[in-house]
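Colleague: I am new to this structure and would like to go through it with you. Could we have it on screen before I start asking?

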Amino acid sequence: MKATLILENGSIFSGTSIGSTSDRICELVFNTSMTGYQELLTDPSYMGQGVVMTYPLIGNYGVNSEDNESRRPWVEAVVIRHLSPRGSNFRCEGDLGTYLKKHDIAGIEDVDTRALTKILRNQGSMNAMLTCAEHFNVAEALQAIKAYKIEHAVAKVTRQEPECFEALGEEKHHVALLDYGVTNHVIECLCCRGCKVTALPADTAAEAILAGGYDGVMLSNGPGDPAENVEAIAQVKKLYESDLPIFGIGLGHQLLALATGAKTGRMAYGHRGSSCPVRDLELNRVFITGQNHGYEVLADSIDPAVAEVSHINVNDKSVEGLRYKRANCFSTQYHPEANTGPKDVEYLYNRFVASMGGDK
């Protein structure tokens with residue numbers, strides 16, 4: 001079946017439908033990863049977005065029941081050059097095309113993803129519509145596309161009830177994890193380091209955490225504009241004013257910065273991929289990281305009396321990490337677990353465990 005991708009700027013791409021045939025409007029972004037498409041589809045940070053995969057062959061190792069990063073897929077649409085008709089891998093349990101249809105994810109192949117990515121790089125991420133209709137009114141479609149906005153993203157992806165995950169081996173610490181859209185591997189990285197993890201809804205009050213007997217707080221990754229989370233920022237500020245060790249990643253990094261007086265801004269097209277170079281300024285080393293974000297902490301808004309930049313992006317010099325003057329508090333923009341690719345920076349979990357007293 002023919003499918004059509006209509007961009008907010010009026011560009012139109014034709015291709016073949018590979019997923020749900022219902023019309024879908026989304027914010028269109030691109031990801032440069034060669035692998036990890038299943039983890040990408042189930043990453044809550046993509047809530048409300050459609051993803052252009054820059055690598056031309058997607059689906060070649062199929063899908064399985066083990067690689068999901070959350071309870072369900074969150075991506076609205078997938079745009080690729082070529083879909084592998086079958087998966088070839090010893091862990092394969094099905095093909096990607098069937099997976100997209102099962103989970104009502106719109107998809108299109110036979111698209112010049114190189115040309116499409118150039119548009120997004122030059123003009124920035126933009127809204128788009130994917131339709132399988134044979135006849136449509138472009139003017140009406142553009143009106144609906146331009147009106148689309150991702151709102152209340154965290155409330156849509158966070159868990160509704162606390163959930164406990166036991167430490168692997170001897171329990172050394174108990175971590176409160178505020179779930180703004182956490183991926184499963186973040187929890188796994190804590191559990192395998194002897195941490196019992198209690199994942200909490202995003203709207204959990206700071207007072208409940210401070211009275212809960214936790215050894216540290218993890219502020220998780222998640223979707224959307226960080227500045228719209230006014231109540232969450234207020235609760236993070238209260239946690240910051242305590243003496244609990246805090247580690248923020250992704251959206252959690254941005255909320256912590258906002259809670260301490262810094263500002264965030266939307267990037268032109270963001271960082272989304274599994275090979276993003278980041279320099280750790282303390283170690284003076286470059287690490288390859290996995291990233292997925294469209295907002296950043298603005299460097300010139302950071303109060304040097306409150307925090308200092310600890311990591312920067314090698315390509316565009318944007319802020320990738322902050323070390324706070326307050327003891328045992330730090331954050332990173334990138335995802336240190338990077339289950340879709342490199343694991344170079346998992347040492348940050350060790351740093352967080354050490355901030356809670358190490359192997360006490």
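Colleague: Why is the sulfur of C189 not in a bond with the closest cysteine sulfur?

Modeller: Please note that this is a predicted model. The closest cysteine sulfur to that of C189 belongs to C192, and at 5.5 Å it is too far away for a bond. A disulfide requires the two sulfur atoms to be within 2.5 Å.

Colleague: And which cysteine sulfur is closest to that of C191?

Modeller: That of C195, at 7.6 Å, which is again too far for a bond.

Colleague: Are C189 and C191 buried or exposed?

Modeller: C189 has a relative accessibility of 2% and therefore counts as buried. C191 is buried as well, with a relative accessible area of 6%.

Colleague: How many disulfides are found in the whole structure?

Modeller: The search returns 0 disulfides.

Colleague: Changing topic, how many salt bridges are there?

Modeller: The whole structure has 12 salt bridges. One of them pairs R24 with D104, whose closest N and O atoms are 3.4 Å apart.

Colleague: Where do R24 and D104 lie?

Modeller: R24 belongs to strand β3, whereas D104 sits in the loop between α2 and β8, so the salt bridge ties together parts that are 80 residues apart in sequence. R24 counts as buried at 10% relative accessibility, while D104 is partly exposed at 43%.

Colleague: What does R193 pair with?

Modeller: R193 forms a salt bridge with E346, with 3.5 Å between the closest N and O atoms. This pair links distant parts of the chain, 153 residues apart: R193 is in the loop between α6 and β12, and E346 is in the loop between β19 and α10. R193 is buried at 16% relative accessibility, and E346 is buried at 15%.

Colleague: Which residues are joined into one network by salt bridges that share partners?

Modeller: E282, E308, R323 and K325 form that network.

Colleague: Let us turn to helices. At what angle do α8 and α9 pack?

Modeller: Helix α8, residues 230–240, packs against helix α9, residues 251–259, at about 75°, and their axes are 8 Å apart. Angles of 65 to 115 degrees count as roughly perpendicular, so α8 is roughly perpendicular to α9.

Colleague: Which residues make the contact?

Modeller: On α8 they are A232, I233, V236, K237 and Y240, and on α9 they are L255, L256, L258 and A259. The contact residues comprise 8 nonpolar, no polar and 1 charged.

Technical notes. Residues are numbered from 1 along each chain as its sequence is written. This is a predicted model: local features need pLDDT of at least 70, side-chain atom pairs count only at pLDDT 80 or more; totals for chains, interfaces and linings use all residues. Side-chain values use heavy atoms; hydrogens and water are left out. Axes are lines fitted to C-alpha atoms, for helices over the stretch in contact, and angles run from 0 to 180 degrees between N-to-C directions. Helices (H or I, at least four residues) and strands (E, at least two) are DSSP runs, numbered from the N terminus. Angles under 35 degrees count as roughly parallel, over 145 as roughly antiparallel, 65 to 115 as roughly perpendicular and the rest as oblique. Contact means heavy atoms within 4.5 Å. Ala, Val, Leu, Ile, Met, Phe, Trp, Tyr, Cys and Pro count as nonpolar, Asp, Glu, Lys and Arg as charged, and the others, Gly among them, as polar. Buried means under 20% relative accessible area, exposed over 50%, partly exposed in between (1.4 Å probe, protein chains only). A salt bridge is a side-chain nitrogen of Lys or Arg within 4 Å of a carboxyl oxygen of Asp or Glu.
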